[in-house]
Amino acid sequence: MIDTGRTAIGIELGSTRIKAVLTGPDHAAVAAGSHDWENQFVDRVWTYSLEAVHEGLQACFAALAENVRRRYGTELRTTGALGVSAMMHGYLAFDADGELLTPFRTWRNTNTGAASEALSDTFGYNIPHRWSIAHLYQAVLNEEEHVGRLAHLTTLAGYVHWQLTGRQVLGVGDASGMFPIDIATGGYDTRRLAQFDELAAGRVPVKLAELLPAVLPAGAAAGTLTEAGARLLDPSGTFQPGAVMCPPEGDAGTGMVATNSVARRTGNVSAGTSIFAMIVLDGELSRVHPEIDLVTTPAGDLVAMVHCNNGASELNAWAGLFAEFAAALGVDKDSNTIFETLFRSALDGAPDGGGLMAFNNLSGEPITKLHEGRPLFFRTPGSSLDLAGFMRTQLYAALATLRIGMDVLQKSESVRLDRMFAHGGLFKTEGVAQKLLAAAIDTPVSVGDLAGEGGAWGIAVLAGFLRDRQEGQSLDDFLTGTVFAGARLDTAEPDPADVAGFTAFMERYVAALPVQQAAVDNS
């Protein structure tokens, strides 16, 4: 199977890890490799260097090839289909010679407030801080010199796909995080393109449509792996060019695929460095909500996205502290054991957190109008400081801003869900974060047995969809009838005591937001 290329490869560049997954003809993962990396905070901007992108891709691919070699005794020389995914949004700006004009500005940057507000008002459409168009217009407002030399804008997935194929394209889901999509046409909204051109007249050298990548739906051919692309992945020369490539997608879209939630009235929550919910809508929302992004599935259907910049990073920091303490006591435990022990203790905590309070904001959080992050933990004098309550509070904090956005959809817009799936690192300890999320949104939450490989597997499935798609077959039909046929689901129903406890915690959380703002203002 591997030698004859009856496989697909998906590569996803996440916030803290680059992962590659090799799937077989049945779309199950047969091998994987990964490479850890981390963003840098340089000149008050969250960024990754392109050198780190290239080196990370090569290290990740080498790990995948070694996994294949060790497990199957053969070399990874070819594949039938290939796809690339990455964290969405941000700003990668290039000149006509393909040179990067300014360091990559990731989704994590929230210094685009003026642009976000101006564009939202002009378009009558919520343009969040992290969207590519907000970064571009903020550069215009700041009169940055590089704007006059702009020739091409893209996302991280779009950049890697360009390097692998020579084509400047994006999947519609990733493109919908750059600029609003017209659901009827599947392309950029032409009326709003014209509005931007008028707004930026004389300050951007070309029309916006010329700067943005072409948009493609799931199942469309998006080029083939070139010789240069194959050498970028594998400098050794073992891996050969020629694989067909699906449209590059964002991590939100691959999360939807990995949890079989591309159909209307389905949704998923992805929790890693950031945490976000994607709800596939029946129709348009009644009005603009600053807490809600409108994006699309990889097939182009309308999605309400609740995106929170801060997810599990602060939990990781606390786990590291407890691991350090255990090591000081002479107790040598691996990180998985540390996490599982801490997470399971949360199940014994008071349903409302017992008077403890935490904010997990390492960076700004637009949903709560926080421009910078200051992680905090504090408590009332009469509270009981124990491990169970502490860990439940930390997990609640990771879900709190998501709850604020979900309240907008479920209460203000009466959005209904048939299914909610969850995936990502927060849900690796079985039955803990899943149970608390069910309480936070008062909705049953399912975890599947295929989504464990996450977005890298999701983009491999999209590559397989390109390769195996039947005439007229929809992405939803392909996932439900082929990929997830017979898949096991574990569903956690919301516990009424936990629902009431989380609601009480949220009342204290919202009341304490001025404490968080004071920390930003005074430190």
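Arg 130 and Asp 293 are both buried in this predicted model, and their side chains meet in a salt bridge with an N to O distance of 2.2 Å. Because Arg 130 lies in the loop between α2 (113–123) and α3 (132–141), while Asp 293 belongs to strand β17 (residues 293–296), the pair ties together parts that are 163 residues apart in sequence.

The structure holds 19 salt bridges, and another of them is formed by Glu 372 with Arg 44, whose closest N and O atoms are 2.8 Å apart. Glu 372 lies in the loop between β19 (356–359) and β20 (376–379) and Arg 44 in the loop between β4 (40–42) and β5 (45–47), so this pair ties together parts that are 328 residues apart in sequence. As to their surroundings, Glu 372 is partly exposed, with a relative accessible area of 28%, whereas Arg 44 counts as exposed at 56% relative accessibility. Glu 372 also meets the side chain of Arg 374 in a salt bridge, at 3.3 Å from N to O. Elsewhere, Arg 392, Lys 435, Asp 495 and Asp 498 are joined into one network by salt bridges that share partners.

The open and enclosed spaces of the model are set out below.

| Space | Volume | Nonpolar lining residues | Polar lining residues | Charged lining residues |
|---|---|---|---|---|
| Largest pocket | about 1,200 Å³ | twelve | 20 | ten |
| Second largest pocket | about 480 Å³ | eight | seven | seven |
| Largest cavity | about 60 Å³ | five | three | one |

The largest pocket is lined by 42 residues, and those that lie nearest its centre are Arg 17, Ala 271, Gly 424, Gly 425 and Lys 428. Its lining draws at least two residues from each of several helices and strands, namely β2 (17–23), α9 (251–258), β15 (266–271), α10, α11, β21 (419–423), β22 (445–448) and α14 (454–468). Of these contributions to the largest pocket, the largest share comes from α11, which supplies six residues.

For the second largest pocket, the lining comprises 22 residues, with Ser 116, Asn 126, His 129, Pro 290 and Pro 366 lying nearest the centre. The elements that give two or more residues to this lining are α2 and β18 (302–308), and the largest share, four residues, comes from α2. Helix α2 is also one of the two helices that flank the loop holding Arg 130.

Enclosed space is found as well, with a count of four cavities of 30 Å³ or more. The largest cavity is lined by Met 87, Met 88, His 89, Trp 107, Asp 251, Ser 274, Phe 276, Met 305 and His 307.

On the surface, Phe 325, Leu 329 and Val 331 make a nonpolar patch of about 310 Å². Val 331 has its place in the loop between α10 (313–328) and α11 (335–346), and this residue is partly exposed, with a relative accessible area of 38%. Because residues of a patch must have over 30% relative accessible area, Val 331 at 38% meets that cut-off although Val 331 counts as partly exposed. The helices on either side of the Val 331 loop, α10 and α11, are also among the elements that supply at least two residues to the lining of the largest pocket.

How values were computed:
Residues numbered from 1 in each chain as written. Predicted model: local features only at pLDDT ≥ 70, side-chain atom pairs only at ≥ 80, totals over all residues. Heavy atoms only, no water. 1 Å grid on protein atoms, 1.4 Å probe; cavity = no way out; pocket = protein on both sides within 12 Å on 5 of 7 lines; lining within 4 Å. Points joined across faces, edges and corners; volume = space filled by probe spheres on them. Nonpolar A, V, L, I, M, F, W, Y, C, P; charged D, E, K, R; others polar. Patch = residues over 30% accessible without salt bridge, like charges linked within 9 Å, V, L, I, M, F, W, Y side chains within 5 Å. Areas by Shrake-Rupley, 256 points an atom, 1.4 Å probe, with all protein chains shown as cover. Salt bridge = Lys/Arg side-chain N within 4 Å of Asp/Glu carboxyl O. Buried < 20%, exposed > 50% of the residue type's maximum accessible area, 1.4 Å probe, protein only.
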